[in-house]
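Student: Could we go through this structure together, and could you show me how each descriptive word is earned?

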Amino acid sequence: MIPPSLIIDPLLIAWLQEDLGRGDRTTDGLELQKMGSGQWVAKAEGIMAGLPIAQRVFQLLNPKIEFIPVVEEGQRVKTGQVVATFNGSLSALLTGERVALNLAMRLSGIATMTRQYTEIIADLPTQLVDTRKTTPGLRILEKYGIRVGGAKNHRMALDDGVMIKDNHIKAAGSIQEAIQRIRPTIPYPLTIEVETTTLEEVKEALMYGADIIMLDNMNLDLMKEAVSYIRGENKQIKIEASGNITLDNIRQVALTGVDYISSSAPITRSTWLDLSMRLD
């Protein structure tokens, strides 16, 4: 599940350079030559994510640093619980502290809210998926946090699949025109998903061969009607619900029979899980 170092190392190096600037004036000024050890401690309850990423941050600064997670990714932690231990060059540990903590706190916050959503529908076949509403530069890691929390990833980027949304339909003139113009241009394995807001749009998307139909911002009654119609016409079509999904309504949406529920909330509305680095 962890993104390969070939992908994330350039990102981590760029973020370290951003934080380092022209040098760590404080740490460099101390001229630290000795080794140190300590722990990372959770200051709130939540789902842990990002410790291997933090480990890589420190190792990029000094390969000899030992950063040892003592909880697994996706594990629930309590306030005051030690989540990792470390030892090595104090200079590198202090310089990398902020970047490492920021990433782990951000990803843990995402994983924590994702788990809140997924637990509500855990006994149902519907799966929660994320969206492309991510922080520029952080997408691959934020989507990693989603998976740690128990949900699935939607498109990582625009080339992962075709999603014909309302503005594409307006630009093309109709759902029919959009599908018929796009289908011949895409590689064989890619699917076409169409965003619909009315039953008439659902019927048009079905008629012209959509592989996935999104029911966007529909009320529950209309959503149930749309699901029933789609299942009656083609049981192979995947159905996704989206729009204003909350902890209060996600179960009712899942009970309509959709295959997927997409929500940006775990990324856009989550708060960081507070962590602290403490030297012995």
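**Two helices and two loop residues**

Tutor: Let us begin with the way helix α3 passes helix α4, which is a right-handed crossing; please keep in mind throughout that this is a predicted model.

Student: What makes α3 and α4 roughly antiparallel to each other?

Tutor: The axes of α3 (residues 51-61) and α4 (residues 90-120) cross at roughly 160 degrees and come within 8 Å. Angles over 145 degrees count as roughly antiparallel, and therefore α3 and α4 are given that description.

Student: Which residues of α3 are buried, and how do you know that they are on the same side of α3?

Tutor: The buried residues in α3 are Leu-51, Ile-53, Ala-54, Val-57 and Phe-58. Around the axis they cover an arc of only 160 degrees, which places them on the same side of α3.

Student: Which residues in α3 meet α4?

Tutor: From α3 they are Ile-53, Ala-54, Val-57, Phe-58 and Leu-61, and their partners in α4 include Ala-92, Leu-93, Val-99 and Leu-103. The residues of this contact divide into 11 nonpolar, two polar and one charged.

Student: Why is Asn-217 called partly exposed, and why is Asn-244 called exposed?

Tutor: Partly exposed covers the range between under 20% and over 50%, and Asn-217, at 46% relative accessibility, therefore counts as partly exposed. Asn-244 has a relative accessible area of 57%, and since exposed means over 50%, Asn-244 is exposed.

Student: Where do Asn-217 and Asn-244 lie?

Tutor: Asn-217 is in the loop between β9 and α9, whereas Asn-244 is in the loop between β10 and α10. Although it is not a glycine, Asn-217 has a positive phi of about 55 degrees, and Asn-244, not a glycine either, has a positive phi of about 55 degrees.

Key. Residues are numbered from 1 along each chain as its sequence is written. This is a predicted model: local features need pLDDT of at least 70, side-chain atom pairs count only at pLDDT 80 or more; totals for chains, interfaces and linings use all residues. Side-chain values use heavy atoms; hydrogens and water are left out. Buried means under 20% relative accessible area, exposed over 50%, partly exposed in between (1.4 Å probe, protein chains only). Helices (H or I, at least four residues) and strands (E, at least two) are DSSP runs, numbered from the N terminus. The arc is that of the directions from the helix axis to the C-beta atoms. Axes are lines fitted to C-alpha atoms, for helices over the stretch in contact, and angles run from 0 to 180 degrees between N-to-C directions. Angles under 35 degrees count as roughly parallel, over 145 as roughly antiparallel, 65 to 115 as roughly perpendicular and the rest as oblique. A crossing is left-handed if the near helix is turned anticlockwise from the far one by less than a right angle, and right-handed if clockwise. Contact means heavy atoms within 4.5 Å. Ala, Val, Leu, Ile, Met, Phe, Trp, Tyr, Cys and Pro count as nonpolar, Asp, Glu, Lys and Arg as charged, and the others, Gly among them, as polar.
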